[in-house]
Each structure stands twice: as structure tokens, then as C-alpha cells.
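Biologist: Thanks for sitting down with me. Could you walk me through this model, one question at a time?

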Amino acid sequence: MQKLIHLKHNHSALSYGDYTQIGITNTACIYQRQDEKECLWICMNMKNEVQTLGFNGQGNFIDIETNEELPINNALEFKPYEVRILKRSSD
């Protein structure tokens, strides 16, 4: 719970950003929260297996938990039950 509170306090887009759906299936989704300071993609796999979600979107992102750099080009592979919050970096 503390981790979620910390995220909300440190990323204004989670509280005040516009919502845009990037990609969605019955078992995976990516949505964007963006304000004037940052652009975040919230990515979720609700299935107990690896899956790839294709969508129309690309850019360079950083996982805000691991600091892993992640270039995205119209698809994202998810681990089972994975949730990631990705921050768009300068392209």
C-alpha cells in the first residue's frame, strides 16, 4: 500500500493526467495517463502466461520501478500477471 501511495504522490499524471487507452484485450491492457509533466503507460497482464499485446504506439520508455530502458514499437510482451508503469523518455 505504501508503494502505491508513493507512486501517486510522485507522479502527478496518475492523479491529474488525461486518460487514453493504448491497447486492450480480455486479458491485457495498456492505458496512458499524461499531464504537462510526464506521460505514463500502465501495462497489465491478467493471464497466467506470457502474452504479447499489439497496438498502435511507439516510443522510448523507462520502467519506473526497475529503471530498465524499454524501446516500444507497436507491441509489448508481458510476463504472467505482470504490471508495469512505464514513463516516456525523450525520443
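Biologist: Let's start with one residue. In which strand is Gln-21 found?

Modeller: Happy to help, and please keep in mind that this is a predicted model. Strands are numbered from the N terminus. Residues 18-24 form the strand that holds Gln-21, and that strand is S1.

Biologist: Is Gln-21 buried, partly exposed or exposed?

Modeller: Buried means under 20% relative accessible area and exposed means over 50%, with partly exposed in between. The relative accessibility of Gln-21 is 45%, so this residue counts as partly exposed.

Biologist: Which residues does Gln-21 touch, leaving out those up to four places away in sequence?

Modeller: A useful start is Gln-32, which is eleven residues from Gln-21 in sequence, with 6.2 Å between their C-alpha atoms. For touching, heavy atoms must come within 4.5 Å. With residues up to four places away set aside, the partners of Gln-21 are Ile-30 and Tyr-31.

Biologist: Now the whole chain. What pattern does the chain follow along the sequence?

Modeller: The secondary structure comes to two helices and six strands. Reading along the sequence, you get the pattern α-α-β-β-β-β-β-β.

Biologist: What is the radius of gyration of the chain, and what would a compact globule have?

Modeller: The C-alpha atoms fill a box of roughly 30 × 30 × 25 Å along the principal axes. For 91 residues, a compact globule would come out near 12 Å, and the chain agrees with that at 13 Å.

Biologist: What share of the residues is buried?

Modeller: Let me give the surface beforehand: the chain exposes about 6,000 Å², and carbon and sulfur atoms supply 48% of that area. For burial, the cut-off is under 20% relative accessible area. Of the 91 residues in the chain, the buried share is 38%.

Biologist: Which element gives the largest share of the lining of the largest pocket?

Modeller: That pocket holds about 320 Å³ of space. Its lining has 15 residues, and Leu-4, Leu-7, Leu-14, Val-83 and Ile-85 lie nearest the centre. Two or more lining residues come from each of helix H1 (2-10), strand S2 (28-34) and strand S6 (83-88). The largest share, five residues, comes from H1.

Biologist: How many charged residues are in the lining of the largest pocket?

Modeller: By class, the lining has eight nonpolar residues and one polar residue. Asp, Glu, Lys and Arg count as charged. In this lining, the charged residues number six.

Biologist: I like unusual backbone angles. What is phi of Tyr-81?

Modeller: Tyr-81 is in the loop between S5 and S6. This residue is exposed, with a relative accessible area of 53%. Although Tyr-81 is a residue other than glycine, its phi is positive, near 55°.

Biologist: And what is phi of Asn-74?

Modeller: Asn-74 has its place in strand S5, residues 69-78. With 33% relative accessibility, Asn-74 counts as partly exposed. Asn-74 is not a glycine, yet its phi is positive, about 70°.

Biologist: One last residue. Is Lys-37 buried or exposed?

Modeller: Lys-37 lies in the loop between S2 and strand S3 (39-45). Ser-15 is 22 residues from Lys-37 along the chain, and their C-alpha atoms are separated by 12 Å. The cut-off for exposed is over 50%. Lys-37 has a relative accessible area of 65%, so Lys-37 is exposed.

Notes:
Residues are numbered from 1 along each chain as its sequence is written. This is a predicted model: local features need pLDDT of at least 70, side-chain atom pairs count only at pLDDT 80 or more; totals for chains, interfaces and linings use all residues. Side-chain values use heavy atoms; hydrogens and water are left out. On a 1 Å grid over the protein atoms alone, a cavity is a set of points where a 1.4 Å probe fits but cannot get out, and a pocket is an open set with protein on both sides within 12 Å along at least five of seven lines; lining residues have an atom within 4 Å of a point. Grid points are joined across faces, edges and corners, and a volume is the space filled by probe spheres set on the points. Helices (H or I, at least four residues) and strands (E, at least two) are DSSP runs, numbered from the N terminus. The radius of gyration is taken over C-alpha atoms; the globule rule is 2.2 Å times the number of residues to the power 0.38. Buried means under 20% relative accessible area, exposed over 50%, partly exposed in between (1.4 Å probe, protein chains only). Accessible areas come from the Shrake-Rupley method with a 1.4 Å probe; for residues, only the protein chains shown count as cover.
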